[in-house]
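The following paragraphs lead the reader through one protein structure, from its overall make-up to selected residues. The sequence and the structure are shown first.

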Amino acid sequence: MRHALISILAAVAFVVTGAVPAAGQEIKGQRPVMMIGDVFQFNEGSWATYTLHDKKDNSYYSMTMSILESVRRGQKECAWMEVEIETEKELVVTRFLTEKTKTGPGDLFDVVVYVYGMEPFSIPRRMLKDANKQVPPLQVGRVAKRIEQKQMSFDGESLDVWAVEGTDPQGGPMSAMVSLDVAPIGVLLADTDETSKYLEAWGGGATTRVKGKPRGFVRWILSLIGKGMSGEEIGMKERPQRTWDVAGAWTEFEVPCARSTPALVTVATSS
C-alpha cells in the first residue's frame, strides 16, 4: 500500500514539476523550426532531415519535417504534418493538422505530441492558441534577393538551386541555398546570426513517427496515475544519447555536408 501511494504521488509530481509534458508546460526538446516561406511545398509524403547548429550555446540537433496527407477542414485546405526534434537527450515528435497557406503552415486545428518512451497525447483545442511551449514554433524567413542560380549534385541527384539573401524570422540577415526539388521546406542550407541549418537527407513515402495511439490529455494524466497505483515505473525512458559528428559540415555554400557531397556542376548568374 505504501509503495502504491508513493507511485501515485510520483505520478502527480512528474506532471506538476514538468518532468513529463503537461498542458501549458514547456516540453523539453522542442526547438524553433525556421522555414523560408517562398519555397515551402505541401507535397504529400515528402520529408527532409536537417542538422541545426544553435550558435548561442554551440549545440547541435536534428529536425525532420514530413507532410503526411492533405484533408479539408470546413472550407479550408489543410495538411497533417509532423516535426521530429532530436537533441542529445530528447526526442519529440509533434503531429499537427494545419491550414495550407502560400507561405507554409497556418492555423493549427489538432496537435498530438509524442515524447520518446511515453504515450502520445492530444493538446486540448481550447489551448492551441497558447501551445507555443509544447509545439515547435514555426518561424518564417523571407527572400529579399536572388543572387545566383546553380545546378548542384546532392547525393547523386541534380538539383536546380538558388543562392539567396533575405531576413530571418527576427528580421536579421539570412543567407540560404533553396531548391523546389527538395520538399517540403525547399532549403539546402540557411545561415543566420543565431542558427545554421544543413540538409542531410530527403525523400518521399513519409509515415507517422508517433508511436502508439494518442490519448486525450485528461485520460493521459489518469493513465499516469493508474500506472502509479499499479506500481509501474513512471517517467521518460532512457534512450541512447545522440551525438553529431560535424567535421566537414557546411560552413560555406560550396563546402560539402558531413553525409553528402554536393558538387558544383554548372553556374548560371541570374539576369
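Helices and strands here are runs assigned by DSSP, of at least four residues for a helix (H or I) and at least two for a strand (E), and they are numbered from the N terminus. With these terms, Ser-179 can be placed in the loop between strand 10 and strand 11. The model under discussion is a predicted one, and its elements amount to 2 helices and 13 strands.

Confidence should be considered before any detail. The mean pLDDT of the protein is 75, and 70% of the residues score at least 70. Strand 4, residues 76–86, has the highest confidence, with a mean of 93, whereas strand 13, residues 263–268, has the lowest, with a mean of 31. Two stretches call for caution. Over residues 1–25 the pLDDT stays under 50, although the model has 45 contacts beyond four places in sequence for them. Over residues 248–271 the pLDDT likewise stays under 50, and here the model has 63 contacts beyond four places in sequence. Where pLDDT is low, the predicted coordinates should not be read in detail.

The protein may next be viewed as a whole. Of its 271 residues, 46% are buried. Its accessible surface is about 13,900 Å², and carbon and sulfur atoms account for 50% of that area. Among contacts between residues at least 6 apart in sequence, 59% join residues at least 24 apart.

Strand 3 offers a good place to begin the closer reading. Thr-64 lies in this strand, which spans residues 59–73. Is Thr-64 buried or exposed? Its relative accessibility is 3%, so Thr-64 counts as buried. The side chain of Thr-64 makes a polar contact of 2.8 Å with the side chain of Thr-49. Leaving aside residues up to four places away in sequence, Thr-64 touches Trp-47, Ala-48, Thr-49, Glu-82, Val-83, Glu-84 and Arg-209.

Glu-69 is also found in strand 3. This residue has a relative accessibility of 39% and therefore counts as partly exposed. Beyond four places in sequence, Glu-69 touches Glu-44, Cys-78, Ala-79 and Trp-80. Between Glu-69 and Trp-80 there are 5.4 Å from C-alpha to C-alpha, while the two are 11 residues apart in sequence. Trp-80 has a further partner, for Arg-95 lies over the face of its ring, at 6.0 Å from the ring centre. A similar description applies to Tyr-50, where Lys-197 lies over the face of the ring at 4.8 Å from the ring centre.

The loop that leads into strand 3 contains a residue with a backbone feature to note. Asn-58 sits in the loop between strand 2, residues 47–54, and strand 3. Phi of Asn-58 is near 55 degrees, a positive value in a residue that is not glycine. Asn-58 has a relative accessibility of 53%, which means that this residue counts as exposed.

Aromatic rings are the next topic. How many aromatic pairs does a search of the whole structure find? The search yields 2. Phe-40 and Phe-42 form an edge-to-face pair, with 5.0 Å from centre to centre and 65 degrees between the planes. Phe-40 and Phe-42 are both buried.

The text now returns to the loop of Ser-179. Pro-184 belongs to the loop between strand 10, residues 173–178, and strand 11, residues 187–192. The peptide bond from Ala-183 to Pro-184 is cis, with omega near 5 degrees. Ser-179 has a relative accessibility of 2% and so counts as buried. The side chain of Ser-179 reaches the backbone nitrogen of Asp-181 at 3.1 Å. Among residues more than four places away in sequence, Ser-179 touches Leu-159, Asp-160, Val-161, Gly-186 and Leu-188.

A last loop completes the tour. Gly-212 occupies the loop between strand 12, residues 195–203, and helix 2, residues 217–229. The relative accessible area of Gly-212 is 53%, and the residue is therefore exposed. Gly-212 and Pro-120 are 92 residues apart along the chain, yet their C-alpha atoms are separated by 6.6 Å.

Conventions. Residues numbered from 1 in each chain as written. Predicted model: local features only at pLDDT ≥ 70, side-chain atom pairs only at ≥ 80, totals over all residues. Heavy atoms only, no water. pLDDT = per-residue confidence, 0-100. Contact = heavy atoms within 4.5 Å. Buried < 20%, exposed > 50% of the residue type's maximum accessible area, 1.4 Å probe, protein only. Areas by Shrake-Rupley, 256 points an atom, 1.4 Å probe, with all protein chains shown as cover. Polar contact = N/O pair within 3.5 Å; in protein donor to acceptor, adjacent residues only side chain to side chain. Phe/Tyr/Trp six-rings, centres within 6.5 Å; stacked < 30°, edge-to-face > 60°. Lys NZ or Arg CZ within 6 Å of the ring centre and 35° of its normal.
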